[in-house]
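Take a walk through this fold, one strand at a time. Keep the 3D view open and follow along.

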Amino acid sequence: MSETTRPLEIRGVRQGYELRDGEDGGMPTLFGHFAVFNRWAEINSWSEGNFLERLLPGSIRKTIKENRSRIKALFQHGQDPQIGDKPLGPIQELREDGDIGGYYEVPLLDTSYNRDLVPGLEAGLYGASFRFEVLREQRDEQPADSEHNPQGLPERSIQEIRLHEFGPVTFPAYAEATADVRSLTDWFLFEQIARDPQRARELVSLRAADFIQAPAEPDAGIPTSGDARREWPKVTDEEWESLWNPRI
């Protein structure tokens, strides 16, 4: 799969930020960990599947070194209807914090949208989340049952990512989640469906490029294409309409 068709993914952390008072009563600095290492979490996602996942130490070191100038600090992944994709502030510090996770410091710009956010941030009403591409990973499709994986779900260990953006979000994890980290990719995809159905079709087409499986058995009743790939299920206009107002 080429880098241009690699799907974006989103993860959230419930307690991913703190505020430090600004100098001379100025705007505060947002800081904390947008991601944590070596914490297994179950991903149960319409777009990604059902598996356990962890982010390994060293997985964000290269993207910070090579891609830092393109990484942004945004609110709600740039999807907030009032703020949009306006940056919260310059990223003053971005690094791996030992074996803990990805650490950041962002002095907030003195803008009306940031001033509106500060009371909620001070009250601890938000979490943190980040959007990324997976560049290298290890998968164990049939792990033995273990304390962290009693159901024997497939396990994914992420070795390297390309970080696109991070920042505070209103819902950093699914409400029913017991772990601190869960997939928010479905939410982002549904937002694209609501805002731009044509773009949503393109996103799903990109996912389809990664949907390669072994040939179906001859009597399984599943059509296969000439190159022995299973066909990506066709989505009708009526099915797309049903996703316009998803219940998340």
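Start with strand 10. Of its 15 residues, 12 are buried, so this strand is mostly covered. Keep in mind that the model is predicted. Strand 10 covers residues 155-169.

Which strands pair with strand 10? Strand 9 is one of them, and 13 bridges join the two. Strand 9 spans residues 127-140 and runs antiparallel to strand 10. To find the register, look for glutamine 138. Its bridge partner in strand 10 is serine 157.

Serine 157 has a second position to check. Arginine 54 stands opposite serine 157 too. That leads to strand 5, which pairs with strand 10 over 4 bridges. Here the sense is parallel. Leucine 52 gives another point of reference, as it stands opposite glutamate 155 in strand 10.

Strand 6 also joins strand 10. It is made of residues 72-73, and 2 bridges link it to strand 10 in the parallel sense. Alanine 73 has phenylalanine 166 as its bridge partner there. Both senses are thus present along strand 10: antiparallel with strand 9, parallel with strand 5 and with strand 6. In general, the strands of a sheet pair through backbone hydrogen bonds, in either sense.

Now go back to strand 5, residues 49-55. On its other pairing, strand 5 meets strand 4, residues 41-45. These two run antiparallel, with 5 bridges between them. They form a hairpin, and 3 residues lie between the strands. Asparagine 44 marks the register: its bridge partner in strand 5 is asparagine 50.

Next, look at helix 1, residues 61-67, and go to asparagine 67 in it. Is asparagine 67 buried or exposed? Its relative accessible area is 7%. The cut-off for buried is under 20%, so asparagine 67 counts as buried. Where does its side chain reach? It comes to 3.1 Å from the backbone oxygen of leucine 163. Beyond its neighbours within four places in sequence, asparagine 67 is in contact with Lys62, Arg162 and Leu163.

Leu163 turns up again around leucine 94. Setting aside neighbours within four places in sequence, leucine 94 is in contact with residues including Leu163, Ile64, Ile71 and Phe166. Phe34, Arg68, Tyr103 and Tyr104 are also among its contacts.

Leucine 94 belongs to the largest nonpolar core, which has 31 residues. Which members touch the most others? They are Phe34, Leu94, Phe130 and Phe166. The elements that give two or more residues to this core are strand 3 (29-36), strand 8 (101-107), helix 2 (112-122), strand 9 and strand 10.

Two of those contributors, strand 3 and strand 8, pair with each other. They run antiparallel, with 7 bridges between them. Phenylalanine 31 stands opposite glutamate 105 in strand 8.

Now widen the view to the sheet around them. Its 4 strands lie in the order 2-3-8-7, and the sheet is open with antiparallel pairing. Strand 2 (18-20) and strand 7 (93-96) stand at the edges. Why is one side of each left without a neighbour in the sheet? Each has a single partner strand, so the other side stays unpaired in the sheet. From one strand to the next, the twist averages 15 degrees.

Terms used
Residues numbered from 1 in each chain as written. Predicted model: local features only at pLDDT ≥ 70, side-chain atom pairs only at ≥ 80, totals over all residues. Heavy atoms only, no water. Pairing = 2+ DSSP bridges. Buried < 20%, exposed > 50% of the residue type's maximum accessible area, 1.4 Å probe, protein only. Polar contact = N/O pair within 3.5 Å; in protein donor to acceptor, adjacent residues only side chain to side chain. Contact = heavy atoms within 4.5 Å. Core = buried A, V, L, I, M, F, W, Y, C linked by side-chain atoms within 4.5 Å. Axes fitted to C-alpha atoms, helices over the stretch in contact; angles between N-to-C directions.
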